Amino acid sequence: MNNKKLQRAEFIKMTGGLAFLMLSNKWSFAESSLSSDLVPTAQKRQEYTISLLKQLVTDIGPRPSGSKAYAKAAKIVLKEMQRSLPQVNYDKYEFDDWGPISSSDLIVAGQHIEAIPQKRGFGTPAEGVNGIFKKEGSGYAIIDGQSTQILAYFSVNQYGRAIAGSGGGNLDKSVPVFGLGKQDIPLLDRLAKNKSHAWIKSEYKPVHKAPGINVIGRIPGKSKNEILIIAHLDSIFNTPGANDNAASVIVMLMLAHAASARQNNHTLTFVASDSEEYVFEGAYHYANSRIADNTMQDIKYVLNFDSLTYGPNLWINSKDQGVKDMIRDIHKDLNIESKPIYGENDGFVMDSLPFKPSGARALHANSRGYDEKTLPVYHRPDDTADKVPLDCVEISFQVFDEFIKRVDRM
């Protein structure tokens with residue numbers, strides 16, 4: 001398919017739906033594989049995407065940071081980078097972690113309501129917590145009937161069913177937090193109005209020195225001036241994370257394969273990061289290593305891919321007008337019918353934030369457009385391989401492959 005004649009509708013029709021090599025910080029070298037044979041056409045890219053979604057999502061399942069499942073996924077990504085990139089390595093670190101090992105439904109007035117514990121939060125006592133269910137700010141709470149102390153807090157997922165909870169700003173730091181689904185709001189409101197009795201329980205386990213693994217691939221250019229592309233590989237504990245964020249990692253890998261077949265002026269670095277779901281610890285570790293070896297200033301562009309497949313309309317955040325103009329022009333020049341959405345943050349958010357000291361031009365990319373189908377699976381067990389819209393993978397590849405080419409000519 002000619003890049004300049006991509007017609008999204010035709011591509012959707014064509015694709016339909018989606019029915020230890022290095023354990024140190026030293027570089028390894030590419031296997032003998034012709035990178036130009038890996039992703040040269042839309043059909044090849046579709047096949048590549050389906051294959052890797054099966055390996056990373058279907059076969060492995062949830063891959064939270066520090067887990068054996070994550071390490072298995074990192075090994076797959078390492079091997080994929082080694083197929084075409086001249087320099088590939090693990091960037092390892094350790095961190096203290098904790099997370100839920102068991103949880104129960106919220107039970108209010110005898111009714112069971114799905115509730116998901118916070119991914120990094122606090123557990124309840126072994127017997128759980130009992131109290132009065134009430135409305136609390138934008139969420140709900142179980143409070144002690146006598147002291148009115150908050151015993152547990154519940155946030156509500158704006159997109160669909162329950163996801164891991166997020167705490168309110170005024171909570172005591174030791175309060176256990178859970179997430180509820182928006183479909184339960186009418187019931188929750190009635191139960192809160194009636195001051196119904198509620199109970200919930202969760203248990204958490206600490207992990208000392210959990211293993212973190214970033215996977216780094218690099219293509220040295222004629223200049224040390226660098227374009228850094230990052231996409232997080234980890235998911236939270238209860239989701240296989242196909243859209244968030246395996247599909248974006250696959251887009252990044254395809255961009256790496258395509259770029260390795262060209263002569264590049266800029267050095268290109270590709271980072272499959274760990275611990276994005278846990279306060280960006282993987283990205284911070286790698287960024288600190290770049291500061292330590294005095295190469296942070298070499299980074300001139302930072303591209304952060306996070307959930308590129310929620311829809312065909314790329315959601316671009318950058319304060320750099322030139323970056324946004326380039327994305328707009330690429331859509332026009334390649335006849336891509338989707339329309340990018342422009343946010344107002346500076347692009348240094350989440351996994352790109354640790355690289356702000358570089359002074360680089362930053363872009364953070366998410367997506368929208370298939371919201372009713374894709375956003376409800378966010379952080380859910382049903383964020384599975386078949387939920388990934390393949391046309392979004394192709395659009396992201398087309399746009400950012402051209403973006404890298406244009407930046408490289410500057």
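**Reasoning from Tyr 370 to the two sheets**

Reader: Where in the chain is Tyr 370 found?

Author: In this predicted model, Tyr 370 is found in the loop between strand 16 (361–368) and helix 8 (371–374).

Reader: Why does Tyr 370 count as partly exposed?

Author: The relative accessibility of Tyr 370 is 22%. Buried means under 20% and exposed means over 50%. The value for Tyr 370 falls in between, and therefore the residue counts as partly exposed.

Reader: What makes the pair formed by the side chains of Tyr 370 and Asp 391 a polar contact?

Author: The two side chains come to 2.6 Å, and the cut-off for a pair of N or O atoms is 3.5 Å. The distance is within that limit, so the pair is called a polar contact.

Reader: How is the confidence of the prediction distributed, and what is the average pLDDT?

Author: The protein averages a pLDDT of 91, and 91% of the residues score at least 70. Over residues 1–26, however, the pLDDT is below 50, although this stretch has 62 contacts in the model beyond near neighbours in sequence. Residues 29–33 also stay under 50, with eleven contacts beyond four places in sequence. Where pLDDT is low, the predicted coordinates should not be read in detail.

Reader: Which strands are the edge strands of the sheet with the order 1-10-12-11-13-16-14-15, and what makes them edges?

Author: This is an open sheet of eight strands with mixed pairing. Strand 1 (87–103) and strand 15 (341–343) each pair on one side only, and they are its edge strands. Neighbouring strands of this sheet are turned by 20 degrees against each other on average, direction ignored.

Reader: Why is strand 11 described as largely enclosed?

Author: Seven of the seven residues of strand 11 are buried, so the strand is largely enclosed by the rest of the structure. Glu 226, Leu 228, Ile 230 and His 232 point one way, whereas Ile 227, Ile 229 and Ala 231 point the other way, and all are buried.

Reader: What makes strand 11 a paired partner of strand 12 and of strand 13?

Author: Pairing requires at least two bridges. Seven bridges join strand 11 to strand 12 in the parallel sense, and six join strand 11 to strand 13, also parallel. Both counts meet the requirement, so strand 11 is said to pair with each. Ile 227 stands opposite Leu 268 in strand 12, and Leu 228 stands opposite Val 302 in strand 13. Strand 11, helix 5 (residues 242–260) and strand 12 also make a right-handed β-α-β unit.

Reader: What is special about the peptide bond between Asp 244 and Asn 245?

Author: The bond joining Asp 244 and Asn 245 is cis, with omega at about 20 degrees. Asn 245 lies in helix 5.

Reader: In which sense do strand 14 and strand 16 run, and how many bridges join them?

Author: Strand 14 (residues 313–317) and strand 16 run antiparallel and are joined by five bridges. Trp 315 stands opposite Asn 366 in strand 16. Helix 9 (residues 390–409) lies across several strands, including strand 14 and strand 16, and runs at about 175 degrees to strand 13 (299–305).

Reader: Why is Ser 338 called buried?

Author: Ser 338 lies in the loop between helix 7 (321–333) and strand 15. Its relative accessibility is 4%, which is under the 20% cut-off, and Ser 338 therefore counts as buried. A polar atom of the Ser 338 side chain lies 3.0 Å from the backbone oxygen of Pro 312.

Reader: Is Asn 335 buried, partly exposed or exposed, and what is its phi?

Author: Asn 335 lies in the loop between helix 7 and strand 15. At 38% relative accessibility, Asn 335 falls between 20% and 50% and so counts as partly exposed. Its phi is positive, about 55 degrees, although Asn 335 is not a glycine.

Reader: Why does His 379 count as buried or exposed?

Author: His 379 has 6% relative accessibility, which is under 20%, and so counts as buried. His 379 is placed in the loop between helix 8 and helix 9, and its phi is also positive, near 55 degrees, in a residue other than glycine.

Reader: Which strands are the edges of the sheet with the order 3-2-9-5-6-7-8-4?

Author: The edge strands of this open, mixed sheet of eight strands are strand 3 (111–113) and strand 4 (116–117), each of which pairs on one side only. Within it, strand 6 (residues 139–143) and strand 7 (residues 150–157) pair in the antiparallel sense over four bridges, and Tyr 140 stands opposite Phe 154 in strand 7.

Notes: Residues are numbered from 1 along each chain as its sequence is written. This is a predicted model: local features need pLDDT of at least 70, side-chain atom pairs count only at pLDDT 80 or more; totals for chains, interfaces and linings use all residues. Side-chain values use heavy atoms; hydrogens and water are left out. pLDDT is the predictor's confidence in each residue, from 0 to 100. Contact means heavy atoms within 4.5 Å. Buried means under 20% relative accessible area, exposed over 50%, partly exposed in between (1.4 Å probe, protein chains only). A polar contact is a pair of N or O atoms within 3.5 Å; within protein, one must be able to donate a hydrogen and the other to accept it, and residues adjacent in sequence count only if both atoms are side-chain atoms. Axes are lines fitted to C-alpha atoms, for helices over the stretch in contact, and angles run from 0 to 180 degrees between N-to-C directions. A crossover is right-handed if, with the strands pointing away from the viewer, the path from the first strand over the helix to the second runs clockwise.
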